[in-house]
Amino acid sequence: MSEAADNNIAILGLGGGGGRIVAKVAAGNLPKSVRIAAADTDLQALGQLPDVIPLPLGEEWANRESCGGDIVLGERAVSASAGALREFLEGARLLICVTAMGGGTGSGGARVVGRLARELKLPSVFLATLPFSFEGQWRRSLAEKGLDPVRKLSQAVIEVPNDLLFTTMSADTPAVTAFGLADELLAQGVVGLAQLAFAKGVVAADFAALRTLLRDRQATSTLGFGRGEGANRWQNALESLAKCPLIGGHAALANAHAAVVTILGGEDLTVREIQACLNGFQAILRPDAKLVVGAYTQPGLQEFHITALLCQYRDEQPQSHASLQARPAPNAPRKRRGASAAVSKDIQGELPLQEHSLGIFSGSQSTTVDGQNLDVPTFQRRGIVLDVGD
């Protein structure tokens, strides 16, 4: 297998917000082996995104329009286009999915994308923006319903509250300018994370180390970006990173169980700068934190850039896919049909991959096997479109 194939990354923008961000990612300095696509039900918005692969979703469900915050419609539309999504994901070594939660396409479709990635044994990282507080509890509830199953299906979920994006901006900043800057900041973080796989030069990151760090771990993550210039550019970049509104401050750095750090400098980047920056970064982290580092150069760049993905593990030890199935011991007696619920409760608890949001079946007990909600019709889960005639 070639190096390009081994480092192949799929970046997917899901929904309108995710599409806008990955369109900015496409303008970054990424190798050609990085595939970038935008998937949306709104075909008009999709057609306005340059330099990305357009993936129309569920035209027969959403009629080429937005889902309008309908989480059930979003899940059905994305499920109907599972074949196209699977084709885009096949052959990748890592999926970075960017989406804005709280709307129909993102909140309903993220679990479908996560399930596809798991079926393909593809490590996945989700960058999800959360609604503003002024948007109300309803949209926040939609976001939480959409994220809950994704946390169980993916290796890391980076949650970015929209309220954090504008904490450093003046209240007089025009709305269009503010949202553009926010998308740019998020795109810079995604580019920095993706570039880790291609880091060469002073400090080369092993892409296998990134996969090992993310595989079979349930983590809550944050993503930050900092830049510096001048004689003390690495120090300025590290301070800028710590002040990044998305990172959560020094406390988030100090409590991280693992960190993926990408450093970018010009052709004058020195070993001394790399070592000094990493020593400063490690001094903030907890002693037992795992650290994956990549550093590379870009001709003509005068600034020092640092991107950090911080992971807070929610489980104590990595779990294999097999261990998540709650299999009985080899010699354990097989439970008879019709046995009491009390006995079954002692044998097996709630499966880790259970989805708690059931859409129109909310409030009822779901039937979940291998991360798939069997209450969702088979033709929807498998992306089969039914011909209902004229």
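# Strands, pocket and rings

Q: How many of the eight residues of strand β8 (residues 258-265) are buried?
A: The model is predicted: local features need pLDDT of at least 70, side-chain atom pairs count only at pLDDT 80 or more, and totals for chains, interfaces and linings use all residues. Residues are numbered from 1 along each chain as its sequence is written, and side-chain values use heavy atoms, without hydrogens and water. Buried means under 20% relative accessible area, exposed over 50%, and partly exposed in between (1.4 Å probe, protein chains only). Strand β8 is mostly covered, and its count of buried residues is eight.

Q: Which residues of β8 point the other way from Ala258, Val260, Thr262 and Leu264?
A: Strands (E, at least two residues) and helices (H or I, at least four) are DSSP runs, numbered from the N terminus. Both sets of β8 residues are buried. Opposite to the set with Ala258 point Ala259, Val261, Ile263 and Gly265.

Q: Which residue of β9 stands opposite Val261?
A: Two strands pair if DSSP finds at least two bridges between them. Strands β8 and β9 (residues 290-297) have eight bridges and run parallel. Opposite Val261 in β9 stands Val293.

Q: Which helix completes the β-α-β unit of β8 and β9?
A: The unit is right-handed. That term means that, with the strands pointing away from the viewer, the path from the first strand over the helix to the second runs clockwise. The helix between β8 and β9 in this unit covers residues 271-284 and is α14.

Q: Do β8 and β10 run parallel or antiparallel?
A: Strand β10 spans residues 304-313, and seven bridges join it to β8. One facing pair is Ile263 with Ile306 of β10. The direction of the β8 and β10 pairing is antiparallel.

Q: Why is strand β2 (residues 34-40) largely enclosed by the rest of the structure?
A: Look at its residues one by one. There are seven in β2, and the strand is largely enclosed because the number buried is six.

Q: Which residue of β3 is the bridge partner of Ala38?
A: Strand β2 has partners in two strands. Six bridges join it in parallel to β1 (residues 9-14), where Ile11 bridges to Ile36 of β2. Four bridges, also parallel, join β2 to β3 (residues 53-56). In β3, the partner of Ala38 is Pro54.

Q: Which helix joins β1 and β2 in a right-handed β-α-β unit?
A: The unit contains both strands and one helix. That helix covers residues 15-25 and is α2.

Q: What is the volume of the largest pocket?
A: On a 1 Å grid over the protein atoms alone, a pocket is an open set of points where a 1.4 Å probe fits, with protein on both sides within 12 Å along at least five of seven lines; lining residues have an atom within 4 Å of a point. Points are joined across faces, edges and corners, and a volume is the space filled by probe spheres set on them. For the largest pocket this comes to about 550 Å³.

Q: Which residues lining the largest pocket are the closest to its centre?
A: The lining has 33 residues. The closest to the centre are Gly16, Gly17, Arg20, Ala100 and Arg139.

Q: How many charged residues are in the lining of the largest pocket?
A: Ala, Val, Leu, Ile, Met, Phe, Trp, Tyr, Cys and Pro count as nonpolar, Asp, Glu, Lys and Arg as charged, and the others, Gly among them, as polar. The largest share of the lining, six residues, comes from α2. By class, the lining has 13 nonpolar and 14 polar residues, and its charged residues number six.

Q: How many aromatic pairs does the structure hold, and how is the pair of Phe132 and Phe134 classed?
A: Rings of Phe, Tyr and Trp (its six-membered ring) pair if their centres lie within 6.5 Å; planes under 30 degrees apart count as stacked, over 60 as edge-to-face and the rest as tilted. The structure holds two such pairs. Phe132 and Phe134 have ring centres 4.9 Å apart and planes at 10 degrees, so the pair is stacked.

Q: How many residues apart in sequence are the parts tied together by Phe132 and Phe179?
A: Their ring centres are 5.9 Å apart and their planes at 85 degrees, so this pair is edge-to-face. Phe132 lies in the loop between β5 and α8 (137-153), and Phe179 lies in helix α10. The sequence separation, in residues, is 47.

Q: Is Phe134 buried or exposed?
A: Phe132 is buried at 8% relative accessibility, and Phe179 is partly exposed at 41%. Phe134 has 66%, so it counts as exposed.

Q: What is the phi of Asp51?
A: Most residues other than glycine have a negative phi. Asp51 sits in the loop between α3 (43-46) and β3, and is exposed at 64%. Asp51 is not a glycine, yet its phi is positive, at about 65 degrees.
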